[in-house]
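Please look over the two-chain model shown here. The report below takes it chain by chain and then turns to the contact between the chains.

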Amino acid sequence: MTDSQWPVYQVFERPAPGRPMRASGSVHAVDADMALQNAWAVYGRRPTAVGLWVVPRDVVLMKSREEMAASTLSHSDGRGQGEGSSSSPSGKLPEQTYCVFRRSSGKITYEEATPVVATSTEQAMARAVEQFNGEDWHACWVFPAAAITSSESARGECSFAPQQHKWFRDHKSFPVGALLREAREETEETDDD
Amino acid sequence: MIDDRRRAALEAKLLGLGDDEFILGHRNSEWTGHGPILEEDIAFANLSLDELGHGILWYRIVASLRGKDPETYPDKLVYQRAARDFRNVDVVALPHTDWAFSMLRQYLFDAYESIHVPALAASKYQPIAEAAVKIKQEEAYHLYHTRAWVQRLGLGTDESRRRMQTALDQLWVPFQQLFASGPAESLLVEAGIVPDLRKIYVEWNDAVVPFLESCALVVPENAVVPAMRQPASADYMEPLIAELQEVSKIAPDAVW
């Protein structure tokens, strides 16, 4: 038997048209196409997302503020990783756009921030952090925009549209809360006896 | 437009449509918690839920025809009907043997629905047309999903291809049952209420045979569409319905 652990893809969703993307979670898949399908099955079917991206996890650089601070210290020769790139010899490493996702302190989700242009993921990370310019941030992800497989590009016959038409019952339709309260009150009454 | 003879034929047709979807959804739901990976487990469970939901859409029309409440009557049809009164064909009730079997059956069914449902959406009987429009929205994704799996398994490893071929050999002949007409169905076809299944069959065959062959599978040649639609055998339905109705038998008045 071969390794059954399939690669992991990070999943991002657009909560409404024109809104920034935010991280939803991750899925396992053998390739990006299956990842998008799985992402839609796992994160997209409830009417919350109008668009989905999947990105292989191994191209996403993930750093916390502490980790960045530690790595800056280790480069204490005065040349931060993000510096000097604009003066780097042209033609060596092509510049490309990197997507930036930021998690603010006290928040649980990563939200899309302004993308940066860089020649490497590390440089993109440094530039992203620079761009936060002291603003609140707790952790940051960067990855090349070219690594995105998006439901928002031409997908032919397959619709990844939100399931607005479904008559599914959301959790509010199930009177679990009321039943629990009822049960609790009954228990309390019994306790009082 | 609906006289008594047509009404009887229409009820039989709608029960057949509903039961095919519902029983397939139920069989597939048996994979819940047993899928090959968590993501596919969820995806396939969602597909199963869709099929159960489609069954209910057809049951609601049966309810209206019988003057019953479309909200509560579908539950009665599912939980209070004897196994022998279900009108689905064998192929949707066959117990699954492995993942390849369930995935291939779902693919063949999705391919059938992708042709059949748009034709139903053109029905001159408004409730059928409306239900078909709702179902159609979900079928594009179903077909996309199951095609991808048939392709991966057919063109995957020796083992996955062997399992797919075994599944095809098991499913191909019984699957033809879905294209057999029910009692007095020609009355409905003449009235433009349902499409002629012979046409649906030709289109389905033209779509699935080249696709299966492109997945390195050999399509059996010995398939014939039966002259008349037959309800599924009690051998499959009795145990399936016993399990499906187990809880409702213990607590018939339970509300959820």
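What follows covers confidence, the fold of each chain, some local features and the interface.

**Confidence**

This is a predicted model. Its scores are ipTM 0.73 and pTM 0.82. Chain B has an average pLDDT of 94, and 99% of its residues score at least 70. For chain A the mean pLDDT is 79, with 72% of the residues at 70 or more.

Two stretches of chain A call for care. Over residues 77–88 of chain A, pLDDT stays under 50. The model gives that stretch 16 contacts beyond four places in sequence. Residues 154–159 of chain A also stay under 50. Here the model has eight contacts beyond four places in sequence.

**The two chains in outline**

The table sets out like values for each chain.

| Chain | Buried residues | Contacts (separation of 6 or more) between residues 24 or more positions apart |
|---|---|---|
| Chain A | 28% of 193 residues | 61% |
| Chain B | 44% of 256 residues | 79% |

**Chain A**

Chain A holds four helices and eight strands. Along the sequence they run β-β-α-β-β-α-β-β-α-β-β-α. Helix α1 of chain A covers residues 32–44 and packs with α2(B); that pairing is described under the interface.

**Chain B**

Chain B has eleven helices and zero strands. Its pattern along the sequence is therefore α-α-α-α-α-α-α-α-α-α-α. The C-alpha trace of chain B spans about 55 × 45 × 30 Å along its principal axes.

How compact is chain B for a globular protein of its length? Its radius of gyration is 18 Å. The globule rule gives 18 Å for 256 residues, so chain B is as compact as a globular protein of that length.

One helix pair in chain B is worth tracing. Helix α5 of chain B spans residues 99–121. The axes of α5(B) and α6(B) come within 7 Å and cross at roughly 145°. Their crossing is left-handed. Which residue classes make up this contact? There are 18 nonpolar, four polar and five charged residues in the contact of α5(B) with α6(B).

**Loops of chain B**

Two alanines have an unusual backbone angle to check. Most residues other than glycine have a negative phi. B:Ala184 has a positive phi, near 55°. B:Ala184 sits in the loop between α7 (158–175) and α8 (185–190) of chain B. With 15 other C-beta atoms within 10 Å, B:Ala184 is partly exposed.

B:Ala216 also has a positive phi, about 65°, although it is not a glycine. Its loop runs between α9 (197–214) and α10 (234–244) of chain B. B:Ala216 has 14 other C-beta atoms within 10 Å, so it is partly exposed.

Now take B:Gln80, in the loop between α3 (73–79) and α4 (90–93) of chain B. Is B:Gln80 buried or exposed? It has 12 C-beta neighbours inside 10 Å. A residue is exposed if it has 12 or fewer, so B:Gln80 counts as exposed. B:Gln80 and B:Gln245 are 165 residues apart along the chain. Their C-alpha atoms are separated by 7.7 Å.

**The interface**

How many residues of each chain are in contact with the other? Twelve residues of chain B are in contact with 14 residues of chain A. On the chain B side, the elements that give two or more residues are α2 (38–65) and α6 (126–154). The largest share of that side, seven residues, comes from α6(B). By class, the side of chain B that touches chain A has seven nonpolar, three polar and two charged residues.

Helix α6(B) thus has two roles in this account: it crosses α5(B) within chain B, and it gives residues to the side that touches chain A.

Helix α2(B) packs against α1(A) at an angle of about 65°, with their axes 9 Å apart. This crossing is left-handed. From α1(A), the contact uses A:Gln37, A:Asn38, A:Ala41 and A:Val42. From α2(B), it uses B:Glu39, B:Ile42, B:Ala43 and B:Asn46. By class, the contact of α1(A) with α2(B) has four nonpolar, three polar and one charged residues.

Conventions. Residues are numbered from 1 along each chain as its sequence is written. Chains are lettered from A and ligands numbered from 1 in the order in which they are written. This is a predicted model: local features need pLDDT of at least 70, side-chain atom pairs count only at pLDDT 80 or more; totals for chains, interfaces and linings use all residues. Two residues are in contact if their C-beta atoms, placed from the backbone, lie within 7 Å. Ala, Val, Leu, Ile, Met, Phe, Trp, Tyr, Cys and Pro count as nonpolar, Asp, Glu, Lys and Arg as charged, and the others, Gly among them, as polar. The radius of gyration is taken over C-alpha atoms; the globule rule is 2.2 Å times the number of residues to the power 0.38. A residue is buried if 20 or more other C-beta atoms lie within 10 Å of its own, exposed if 12 or fewer, and partly exposed in between; C-beta atoms are placed from the backbone. pLDDT is the predictor's confidence in each residue, from 0 to 100. Axes are lines fitted to C-alpha atoms, for helices over the stretch in contact, and angles run from 0 to 180 degrees between N-to-C directions. A crossing is left-handed if the near helix is turned anticlockwise from the far one by less than a right angle, and right-handed if clockwise.
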